[in-house]
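This report looks at how charged side chains are placed in one protein. The overall layout comes first, then the charged residues.

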Amino acid sequence: MTPGTSEAPDATATPDTPETVQAKGAVSAPGPDGQPRKVSRRFPLFTRDTARPEGGGRAASGDAPAPARQWPLLGVASLVGLGLLLTALDVFRVGTMLVGLALVGGALLRWAVPDVGMLAVRSRFTDMVTYGALGTAIVLLAMMAQPEPWLEIPFLDDTLHFTISS
């Protein structure tokens with residue numbers, strides 16, 4: 001072929017349509033142009049969607065009614081609701097301890113049960129640390145609440161006196 005001349009395309013070649021393209025190696029879904037894309041194990045530079053948290057599937061089969069599919073979340077939410085009701089009925093210490101224990105129970109459910117439904121918000125580790133730390137803090141604060149605390153931590157008393165008197 002000499003420069004400046006053009007040659008007609010081969011009539012026997014088929015156009016690259018998604019039906020005729022043969023991809024080799026690891027590929028993913030077709031790209032915007034319809035051609036298969038090669039996949040990479042690297043994380044993308046820009047996130048285009050949100051991944052479902054691990055353990056975020058249904059806690060029961062799809063045939064079960066909606067409340068049964070979300071029993072872990074309903075159990076934790078019911079205990080929190082009961083704790084808030086007790087707190088409103090002037091049983092403050094027991095109610096707030098029940099709220100904290102419900103969160104600790106949520107952390108234990110997140111650890112032990114593979115599919116916890118909507119109780120899974122983030123990764124398993126983050127959910128366990130968040131639920132466990134907040135639940136433990138609420139229980140400890142409920143036990144240290146005045147008057148007549150069930151739990152006294154001596155260095156906290158000294159710290160309080162040090163900050164107020166100086």
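## Surface, fold and buried charge

The protein exposes about 12600 Å², and carbon and sulfur atoms supply 65% of that area. The model is predicted. Of its 166 residues, 20% count as buried.

The protein has five helices and two strands. From the N terminus, the order is β-β-α-α-α-α-α. Contacts between residues at least 6 apart in sequence include a share of 48% that join residues at least 24 apart.

**Salt bridges**

Side chains of opposite charge can pair when their charged atoms come close. A search of the whole structure finds two salt bridges. Arg110, Arg122 and Asp127 are linked in a network of them.

| Salt bridge | N to O distance |
|---|---|
| Arg110 – Asp127 | 2.8 Å |
| Arg122 – Asp127 | 3.1 Å |

Take the pair of Arg110 and Asp127, whose side chains meet at 2.8 Å. The pair links distant parts of the chain, 17 residues apart: Arg110 belongs to helix α3, and Asp127 to helix α4 (residues 124-144). Arg110 and Asp127 are both buried.

The bridge between Arg122 and Asp127 has another setting. Is Asp127 buried or exposed? Its relative accessibility is 0%, so Asp127 counts as buried. Arg122 has a relative accessible area of 33% and is therefore partly exposed. This bridge thus joins a partly exposed arginine to a buried aspartate.

**Arg93, buried without a salt bridge**

Arg93 sits in helix α3 (residues 92-112). Arg93 is buried yet has no salt bridge. Which side chain of opposite charge is nearest to Arg93? That side chain is Glu148, 6.4 Å away. The cut-off for a salt bridge is 4 Å, so Arg93 and Glu148 do not qualify at 6.4 Å.

What does the side chain of Arg93 reach at 3.0 Å? One partner is the backbone oxygen of Pro147, at 3.0 Å. Another is the backbone oxygen of Ala142, which lies 3.0 Å from a polar atom of the Arg93 side chain.

The wider surroundings of Arg93 include these residues. Leaving aside neighbours within four places in sequence, Arg93 is in contact with Ala142, Met143, Ala145, Pro147, Glu148, Pro149 and Trp150. Glu148 is thus a contact of Arg93, but Arg93 has no salt bridge.

**In brief**

Arg110 and Asp127 are buried and meet in a salt bridge. Arg93 is buried and has no salt bridge, while its side chain reaches the backbone oxygen of Pro147.

Conventions: Residues numbered from 1 in each chain as written. Predicted model: local features only at pLDDT ≥ 70, side-chain atom pairs only at ≥ 80, totals over all residues. Heavy atoms only, no water. Helix = DSSP H or I, 4+ residues; strand = E, 2+ residues; numbered from the N terminus. Buried < 20%, exposed > 50% of the residue type's maximum accessible area, 1.4 Å probe, protein only. Contact = heavy atoms within 4.5 Å. Areas by Shrake-Rupley, 256 points an atom, 1.4 Å probe, with all protein chains shown as cover. Lys, Arg positive; Asp, Glu negative; His and termini not counted. Polar contact = N/O pair within 3.5 Å; in protein donor to acceptor, adjacent residues only side chain to side chain.
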